[in-house]
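Please open the model in your viewer and keep the sequence panel beside it, since this tour moves from one selection to the next. At each stop you will be told what to select and what is there.

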Amino acid sequence: MSSGYYEFYCPVKILAGLKALEHLPAELAERGCAAPMVLTDKGVREAGLVRHVERAFDEAGISIGPVFDKIPPDSSTDVVETIARQFREQGCDSLIAVGGGSVLDTAKAVNILVSEGGEFLRAYVGAHKLTRPLKPLVAIATTAGTGSEVTTVAVIKDTHKQRKDAFQSSHLMPAVAVIDPRMTLTVPPLITAATAMDALTHAVEAFTCIAKNPLSDAYASAAIRKIVTALPIVLAEPGNTHARLDLAEAATMAGIAFSNSMVGLVHAIGHSLGATCHLHHGTCMSLLLPYVLEYNFDAIQDNLGALLPLLAGDDVAMATPPEERARASIAAIRDLRDAIFDVTGLPRSLSESGKVEKSQFAKIADLSVDDGALMFNPVDADRSDVTSILERAWS
Amino acid sequence: MQRAYVALMMRVVGRGLAVASRIDRESIHELEHLPAALTIAMRVYPNGPCCLLQHTGSHLQYLGVRDSGAADLQIIFKHLQHAWLLYTFQENTPTAFARNRIVLDGEVSHATVFNRCMSRLMALILPRLLAERAVKRYPVIALREKLRLAAIIYLRMPLERRRAAA
């Protein structure tokens with residue numbers, strides 16, 4: 001169905017494939033940058049992934065700039081403001097973010113402060129607050145999930161308010177995104193599964209929410225097929241470079257899709273659940289996806305049915321009557337979650353996660369209805385609707 | 001014609017929100033989530049009709065149709081036609097957002113609260129058939145309660161005076 005009018009934007013240069021990292025020095029030189037600051041976290045550095053980047057620069061005879069490796073899994077305004085001060089003190093001119101969603105979002109937020117000026121990130125909370133192109137940012141994702149390397153959004157925890165704030169602007173998009181399978185080869189199965197479910201949720205919500213458009217549909221569809229095909233292979237053979245590349249490409253495609261069509265209620269609740277219970281974002285997505293699809297069912301039945309060939313294969317779709325395809329799509333997602341649970345133990349219910357108390361539902365519901373993603377959900381939800389979804393996801 | 005209609009509807013909505021924020025329990029509850037002194041502008045880009053409100057801490061105050069361009073939360077229609085679609089109830093606010101007809105300048109969580117207040121106002125003051133086109137989901141509300149609140153809003157709307165921003 002045509003939406004009448006839509007906009008689609010993705011100016012990020014994507015370097016994808018084997019040895020993609022080796023193209024990085026030339027890309028920075030092309031942008032007149034000589035002093036990049038590298039942002040990462042301890043886990044990524046200890047896994048030796050930053051060494052791949054350093055080696056790429058060594059081979060080009062260029063020394064890499066300072067490395068900040070203390071970004072926590074749930075980054076905050078304090079961390080961003082500390083890094084921005086160091087960036088200025090050390091005279092850096094660009095950013096290279098090596099990590100998962102938290103590192104990439106942190107780098108985007110740092111870029112706001114070092115490009116727009118100011119000491120405090122809070123001044124830029126919200127949409128369309130940025131007034132100029134930011135400094136060149138290279139995003140090197142080490143997980144295949146967030147799609148942050150191609151999105152206009154950064155989500156950062158406000159240290160004082162204990163809630164997640166969203167920053168949205170087309171200027172936040174990185175200049176370059178690198179998809180190199182070496183960067184995801186060592187990701188453990190549980191994180192691989194959780195981040196892949198995050199990417200799957202991006203694609204499914206992009207395809208079923210109200211800002212969908214033909215171009216975002218194309219990216220979302222391709223991403224879903226790749227995730228469903230590649231994820232079981234990666235979980236069975238973690239060293240399979242080609243399947244890892246497929247998964248990383250799918251995450252980027254899902255990121256392009258949802259950056260142009262936004263996401264819905266799964267993310268609205270997921271952001272609040274993650275902020276309240278300190279649960280991994282991908283895990284939140286995996287926990288909530290089937291229940292929100294059921295909640296939206298009447299409004300998204302046709303779109304959900306159209307996903308069945310991608311989720312379960314063409315043969316299953318052909319053998320399923322059209323009126324049963326939407327339910328079969330949800331069943332296929334549940335089957336995928338069960339298969340992932342068998343291999344990785346990724347929880348399928350809130351109680352299974354061991355990190356959520358029912359007493360937290362009211363707070364999660366309060367935060368969820370104020371989340372901007374709710375605006376794009378096909379069905380409105382109030383606090384009691386969110387609570388009932390959480391109840392259904394409990395066990 | 002479109003410009004005059006949109007300008008009129010901005011006044012109606014602005015004054016209606018201010019009245020509803022004092023008398024409707026749902027609206028009062030929603031506004032508890034907005035910071036005091038927050039200014040909210042709805043306007044048509046670049047120099048179209050505008051409506052300015054301020055949250056006093058307990059309710060919304062209608063500030064008139066001045067456009068200083070400096071409100072904390074700005075809901076900007078990219079073209080007069082887009083505001084026309086919304087105010088003739090051919091399209092609701094979330095759909096207008098989804099179709100990139102509106103630019104939001106400000107904190108997203110504040111915009112979601114404001115959108116709920118707008119939806120609540122539409123559900124109260126419009127006949128159900130029209131209101132269902134103006135909101136994503138028509139709320140559960142007894143007819144007697146709807147008529148009572150709508151009557152108060154319509155009666156007090158012309159008396160709602162413009163005040164200077166605090």
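Angles under 35 degrees count as roughly parallel, those over 145 as roughly antiparallel, those from 65 to 115 as roughly perpendicular, and the rest as oblique. Please keep in mind throughout that this is a predicted model.

**First stop: a pair of helices**

Select helix H9 (residues 265–277) of chain A together with helix H16 (residues 361–369) of chain A, whose axes come within 8 Å and cross at roughly 135 degrees. H9(A) and H16(A) are therefore oblique to each other, and their crossing is right-handed.

Now show the side chains where the two helices meet: on H9(A) these belong to A:Ala268, A:Ile269, A:Ser272, A:Leu273, A:Thr276 and A:Cys277, while H16(A) brings A:Lys363, A:Ile364, A:Leu367 and A:Ser368 to the contact. Colouring this contact by class will show six nonpolar, three polar and one charged residues.

**Second stop: the largest cavity**

Next, turn on a display of internal cavities, of which the structure holds seven of 30 Å³ or more. The largest cavity contains about 150 Å³ of space. To find it, select A:Met375, A:Asp380, B:Pro94, B:Asn115 and B:Arg116, which, among the 16 residues of its lining, lie nearest its centre.

Which helices of chain B each supply at least two residues of this lining? Select helix H4 (93–98) and helix H5 (108–125) of chain B, for these two do so, and note that H5(B) gives the most, with four residues. Coloured by class, the lining of the largest cavity divides into six nonpolar, five polar and five charged residues.

Note on methods
Residues numbered from 1 in each chain as written. Chains lettered and ligands numbered in written order. Predicted model: local features only at pLDDT ≥ 70, side-chain atom pairs only at ≥ 80, totals over all residues. Heavy atoms only, no water. Axes fitted to C-alpha atoms, helices over the stretch in contact; angles between N-to-C directions. Left-handed = near helix turned anticlockwise from the far one by under 90°. Contact = heavy atoms within 4.5 Å. Nonpolar A, V, L, I, M, F, W, Y, C, P; charged D, E, K, R; others polar. 1 Å grid on protein atoms, 1.4 Å probe; cavity = no way out; pocket = protein on both sides within 12 Å on 5 of 7 lines; lining within 4 Å. Points joined across faces, edges and corners; volume = space filled by probe spheres on them.
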